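Good morning, colleagues. Please take a moment with the sequence and the structure before I begin.

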Amino acid sequence: TIDNENIRELYYHVGAKDDIGIISTYAGITKTEMRKWNSLKGNTLTVGQVVFIGWIKVMALDSLNPESLNAYPAPRRAVAENNRQLPAPGGLDTAYLRQTNNGMNVLTEKGTAVFFEKAGKNGTYVAFHNASPRGTIIKVANPGNGKTIYVKVLGPLPDTKQYSGSIIGICNAAKEALGVTDTKSWCELSYAAN
């Protein structure tokens with residue numbers, strides 16, 4: 001069996017001399033797979049663009065027997081069996097990875113989320129959070145069902161009774177994506193350490 005907890009998504013920042021053929025060859029995937037995963041039309045890439053190129057299996061630094069673990073590249077089939085969705089290129093998940101140095105510079109927080117009446121723009125979820133500056137992308141996880149979303153911080157939590165005792169305020173549009181039906185829910189946050 002495969003330990004899916006150690007499988008991570010792998011992204012590549014396009015350089016000045018990169019093209020879809022070179023990147024797909026080094027990643028060990030076909031150009032067709034790369035276009036499909038990143039919703040690309042044709043072979044055009046821009047410098048600085050972040051593209052999804054597959055998955056890797058992360059090995060613990062203190063592993064006693066690293067030979068027994070499967071290293072890069074991780075089997076794609078195992079991830080597909082888990083029904084994991086591919087990332088939305090250029091979406092909040094990409095911005096989150098950029099802000100957190102690909103998840104290497106992250107603070108975590110657990111507590112109550114409150115939902116407020118405001119729709120997200122163009123499928124983007126927005127939130128209020130006291131510990132992060134405006135524009136920060138926060139990964140919000142519902143530990144009850146494993147669902148995860150990304151929200152963009154508008155500013156600090158308003159000083160009202162509605163937000164009392166909560167760590168984050170999230171727009172109502174995100175409730176369904178998190179599998180929440182109440183006006184409050186327990187959540188786990190991850191965001192860039194400033």
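I start with a polar contact: the side chain of N38 reaches the backbone nitrogen of F52 at 2.7 Å. Please keep in mind throughout that this is a predicted model. N38 sits in the loop between α2, residues 31-37, and β2, residues 50-57. Is N38 buried or exposed? With a relative accessible area of 5%, N38 is buried, because the limit for that class is under 20%. F52, which receives this contact through its backbone nitrogen, also belongs to an aromatic cluster together with Y11 and W37.

Let me stay with the aromatic residues. How many aromatic pairs are there? The count comes to five. One of them joins Y96 and Y150: the ring centres are 5.4 Å apart and the planes stand at 55 degrees, so this pair is tilted. Y96 belongs to helix α4, residues 92-99, and Y150 to strand β6, residues 147-155; the pair thus links distant parts of the chain, 54 residues apart. In accessibility, Y96 is buried at 6%, whereas Y150 is partly exposed at 23%.

I turn to the pair of F116 and F128. Their ring centres lie 4.9 Å apart, with the planes at 35 degrees. Why is this pair tilted? An angle of 35 degrees is neither under 30, as stacking would require, nor over 60, as an edge-to-face arrangement would require, so the pair counts as tilted. Here, too, distant parts of the chain are linked, with F116 in strand β3 and F128 in strand β4, residues 125-128, at a separation of 12 residues. Both F116 and F128 are buried.

Both strands of that pair bring us to the barrel. Six strands close into it, in the order β3-β7-β4-β6-β5-β8, and the pairing is mixed. On average, neighbouring strands of this sheet are turned by 45 degrees against each other, direction ignored. As a general reminder, strands of a sheet pair through backbone hydrogen bonds, in either a parallel or an antiparallel manner. Which sense applies to β3 and β7? The two pair in the parallel sense, over four bridges, with β7 covering residues 168-171. Within this pairing, F116 has C171 in β7 as its bridge partner.

C171 leads me to the cysteines. At 0% relative accessibility, C171 counts as buried. C187 is buried as well, at 3%. How many disulfides does the structure hold? The number is zero.

Finally, I come to charged side chains. A search of the whole structure finds one salt bridge. K110 forms it with E188, and the closest N and O atoms are 4.0 Å apart. Which parts of the chain does this pair tie together? K110 lies in strand β3, residues 106-116, and E188 in strand β8, residues 184-192, so the contact ties together parts that are 78 residues apart in sequence. The barrel order given earlier begins with β3 and ends with β8. As for accessibility, K110 is exposed at 56%, and E188 is partly exposed at 29%.

To close, I return to strand β3. F116 in β3 pairs its ring with F128 of β4 and has C171 of β7 as a bridge partner, while K110 of β3 forms the salt bridge with E188. Thank you; I welcome your remarks.

Notes: Residues numbered from 1 in each chain as written. Predicted model: local features only at pLDDT ≥ 70, side-chain atom pairs only at ≥ 80, totals over all residues. Heavy atoms only, no water. Buried < 20%, exposed > 50% of the residue type's maximum accessible area, 1.4 Å probe, protein only. Polar contact = N/O pair within 3.5 Å; in protein donor to acceptor, adjacent residues only side chain to side chain. Phe/Tyr/Trp six-rings, centres within 6.5 Å; stacked < 30°, edge-to-face > 60°. Disulfide = S-S within 2.5 Å. Pairing = 2+ DSSP bridges. Axes fitted to C-alpha atoms, helices over the stretch in contact; angles between N-to-C directions.
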